[in-house]
Amino acid sequence: MTHIPIVIPSFNPDDRLITLIKQLHSSKNGSKQKIIIVNDGSSKKYDDIFEYIQKNFQVTILKHPINFGKGRAIKTAINYVFKGIPEAIGLITIDSDGQHSVTDMIKCTDTFLTKPKDLILGTRAFDHEVPLRSKFGNLVTAKFMQITTGIKISDTQTGLRVIPKMYFKALINMKGDRFEFEMNMILEAANYDINIVEVPIKTIYLNDNKSSHFRIIHDSLSIYGVFFKYIFGAISSFIVDILIFMFMIGVLNKLSVSAAIVIASIVSRVTSSVFNYYINRKIVFKNNNRLSLISYYTLVLTQMLLSTGLVIISNQYVTHVNITMLKVIIDAGLFFVSYQVQKHVVFKGPR
């Protein structure tokens, strides 16, 4: 029998968790797979639910002493499967609040069996029946990811996923203990040669999704945190770069325009790059690999040559626009490219 354990992260569950376990045990596929529930520090008043499940069903319950977050709960389960069930070819995660049907879980599992090295996502359609909070959050996050990373996923926060065994080690050590972990799982997949496959599933929201433990402000900041910090570092460095560029253009006003642009670009970019490298290495990507300095300045040199060349060319054809403004527009266009290169090449963590 193919082993794909079913993992259910759970925090302060209600009777829907019991209903889910009953459905899994009565289903043809679910009854054959090991079921692992991770009690993520639920309050004592929910002990009766876990005790009932433990007594009446064949399940394994792992318990956190306090609430660490959904991401940590999934990591705990992955580590348990990796060490305790070596024959498992992957595992499937499913939410405990009834938002995923057993039928859709089986659908995702069947897809995984045909593609056992891929990350399978059960993706929902966000139509008019979806609560506004969930619809808005998911659509914004999906579009944000596509713009900043180029990864096009329609449902970035789905809890129904089949994770291949070859991704286990990376996920156990991956950053994020709460909802941002599910985002990081998608963002880092390509770095470990993991393809992502989306499987359409039913969209189920009970009681306007009030059972969700997603904290809109706090968890959203965690999900977008790295990019926000990068923007802060980039804007700060950009201001330093532009101020020095303007100063140098004024000082070098007796030289030709092209010569002044070249010298001003070099001086401003070298100065701002030292500032930017420190911020990105220590604060944004938190990577202490000293070899990153070589990669970083290779990127800086390339970006500087592109910026300088494009400013000179643009100045010849767009004479009615100030040189500094041309540089602002061009460098803004290079911003997202630089972010991708730094995230996936310069400050990329070890596999």
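What covers the buried residues of α2? That was my starting point today, working on a predicted model.

**Entry 1: helix α2.** I pulled up α2, residues 47-56, and listed its buried residues: Ile49, Phe50 and Ile53. Looking down the helix axis, I found them within an arc of 95°, so they line one face of α2. That fits the textbook picture: an α-helix has 3.6 residues a turn, so residues three or four places apart point the same way. Then I checked the other side of α2, where Asp48 and Lys55 are exposed. Back to my opening question: the cover over the buried residues of α2 includes β1, β2, β3 (60-64) and α1 (15-26).

**Entry 2: strand β1.** Since β1 turned up in that cover, I looked at it next. Is β1 enclosed or open, going by its residues 6-10? I got 5 of 5 buried, so the strand is largely enclosed by the rest of the structure. I also sorted the side chains by direction. Ile6, Ile8 and Ser10 go one way, Val7 and Pro9 go the other, and all of them are buried. In a regular strand the side chains alternate between the two faces of the sheet.

**Entry 3: partners of β1.** I noted a parallel pairing with β2 (residues 35-40) over 5 bridges. Within it, Pro9 sits opposite Val38 of β2. β1 also pairs with β4 (residues 90-93), again in the parallel sense, over 2 bridges. There, Ile6 has Ile92 as its bridge partner.

**Entry 4: the whole sheet.** What is the strand order in the open sheet of 7 strands? I read it off as β3-β2-β1-β4-β6-β5-β7, with mixed pairing. β3 and β7 (196-201) are at the edges with a single partner strand each, so one side of each has no neighbour in the sheet. On average, neighbouring strands are turned by 25° against each other, ignoring direction.

I then went after an antiparallel step and found one between β4 and β6 (residues 161-164), with 4 bridges. Ile92 shows up again here, this time opposite Val162 in β6.

**Entry 5: helices on the sheet.** Which strands does α3 (residues 70-84) touch as it packs on the sheet? My list reads β1, β2, β3, β4 and β6. I also wrote down the angle between the directions of α3 and β3, about 130°. Last, I looked at α7 (residues 180-187): it lies across β5 (119-124), β6 and β7. The angle of α7 to β6 came out at about 55°.

Note on methods. Residues numbered from 1 in each chain as written. Predicted model: local features only at pLDDT ≥ 70, side-chain atom pairs only at ≥ 80, totals over all residues. Heavy atoms only, no water. Buried < 20%, exposed > 50% of the residue type's maximum accessible area, 1.4 Å probe, protein only. Pairing = 2+ DSSP bridges. Arc of directions from axis to C-beta. Contact = heavy atoms within 4.5 Å. Axes fitted to C-alpha atoms, helices over the stretch in contact; angles between N-to-C directions.
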